[in-house]
Amino acid sequence: MKRMTDAAALLDRLAKGERLEREAYAALIEALSEEGADGLEERLFSLAREKRESVYGRGVYLRGLIEITSFCKNDCYYCGIRHSNRHAGRYRLSEADILDCCEAGWALGLHTFVLQGGEDPALRPDSVARLVEIIKARYPACAVTLSLGEWPREVYEAWFRAGADRYLLRHETANLAHYRRLHPPALSPQRRKACLRQLKEIGYQAGAGFLVGSPWQTPDLLAEDLCFLAGLCPHMVGIGPFIPHSETPFAHFPAGSVRQTLHLIALVRLILPQALIPATTALATLASDGYERGMLAGANVVMPNLTPQKEREQYQLYENKRTGDTAAGKLAQLERQMRAIGYHLDLSRGDSKLDTMIEGG
Ligand code: 5AD
């Protein structure tokens, strides 16, 4: 009981805008995971909602997701499209295919296109730049987000000059040793973090993020993720539960918990009030009401999928990925779901308030 009151006091400090020590974040995460933490959890969610509504109101921003390639040269141990998975269906959308997806998204009223893919060795930086230019010329009012993994600074700069506004690159886990247990030796946690800092320096709205419930994760490691985010101060934070994929080395690890994912969404909302935080497809895959519960924990973005159905089914980062009702064509249904919890879809570009907040003091 004493622990619960201590934890509640920590929550109040967080809600006032204080930064906590790593140990305090870990204690909070641990307390939230205990039996009988319902009161604490409800307090956390309501503080997070209050914070979100004070910055962004009750609108839910939409990002149209286009999974442009399922080829990947990397071999992340958790990921279904890892290079070594010989059974993964591989495809690469053509420029014309991608532009068709944008057109379909624009017709639905979507104003942000997220071009996401594996680290496809055939992806040419020039072609991506050209594609970004074409999209921005066709839809000058839109935002283009790239999520294409690690590239040299010059490439990030060229894509930014071509008009890309935002870049998503989850850090996956902030702890160096833990990162090495989730990835093969060719991938470096330091390089990952350096990429994120570069993206911010170049002027992108940058998105970081992590898996919840990845193998060997502890409350202390999650606390390290929170400290890392507090230091980096990204514009966007993607947080999703780990979901095992049978064709990966992590096939037999249990999935992350929906509840813990919601706790982390809410804590990140309190630490970074101005962040754009999606209720992720992974969350909606583990819980049929994942989008609603994500919103009620402080998230404010949903990413409807614009990838053509045939390819979408091959982009399996994890198994049983929700593909049908996350389709962009189901916006009316999503709107009803959001209305039912007192929120509504916001079709504007929905930029991060981070920069204006800094400029405005
Ligand atoms: N379970 C959940 N999320 C995953 N991702 C990759 N593999 C999995 C998995 N098995 C996430 C990673 C990556 C994002 C695009 O998808 O965090 O950054």
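**Exercise 1.** How do the residues of the shell around the ligand divide into nonpolar, polar and charged?

*Solution.* The model is predicted. Start with the names: the ligand is surrounded by Y78, C79, R170, E172, L211, P241, F242, I243, L317 and Y318. Next, sort them by class. Eight are nonpolar and two are charged. No polar residue belongs to the shell.

**Exercise 2.** Find which atoms of E172, I243 and L317 lie opposite N or O atoms of the ligand, then state how much of the ligand the protein buries.

*Solution.* Take the side chain first. An N or O atom in the side chain of E172 is 2.6 Å from a ligand oxygen. Now turn to the backbone. A polar backbone atom of I243 sits 2.8 Å from a nitrogen atom of the ligand. For L317, a backbone N or O atom is 3.4 Å from a ligand nitrogen. Last, the area: the ligand taken alone exposes 410 Å², and the protein buries 88% of that.

**Exercise 3.** Is T69 buried or exposed, and why?

*Solution.* Locate the residue: T69 is in strand β2, which covers residues 64-69. Then apply the cut-off. Buried means under 20% relative accessible area. T69 has 0% relative accessibility, so T69 counts as buried.

**Exercise 4.** Which partners does the side chain of T69 reach?

*Solution.* Begin with the backbone partner. The T69 side chain comes to 3.1 Å from the backbone nitrogen of F71. Then look at side chains: T69 and D120 make a polar contact through their side chains, at 2.7 Å. Finally, widen the view. Leaving out residues up to four places away in sequence, T69 touches Y91, R92, Q116, G117, G118, D120 and Y315.

Definitions and conventions:
Residues are numbered from 1 along each chain as its sequence is written. This is a predicted model: local features need pLDDT of at least 70, side-chain atom pairs count only at pLDDT 80 or more; totals for chains, interfaces and linings use all residues. Side-chain values use heavy atoms; hydrogens and water are left out. A residue is near a molecule or strand if one of its heavy atoms lies within 4 Å of it. A polar contact is a pair of N or O atoms within 3.5 Å; within protein, one must be able to donate a hydrogen and the other to accept it, and residues adjacent in sequence count only if both atoms are side-chain atoms. Accessible areas come from the Shrake-Rupley method with a 1.4 Å probe; for residues, only the protein chains shown count as cover. Ala, Val, Leu, Ile, Met, Phe, Trp, Tyr, Cys and Pro count as nonpolar, Asp, Glu, Lys and Arg as charged, and the others, Gly among them, as polar. Helices (H or I, at least four residues) and strands (E, at least two) are DSSP runs, numbered from the N terminus. Buried means under 20% relative accessible area, exposed over 50%, partly exposed in between (1.4 Å probe, protein chains only). Contact means heavy atoms within 4.5 Å.
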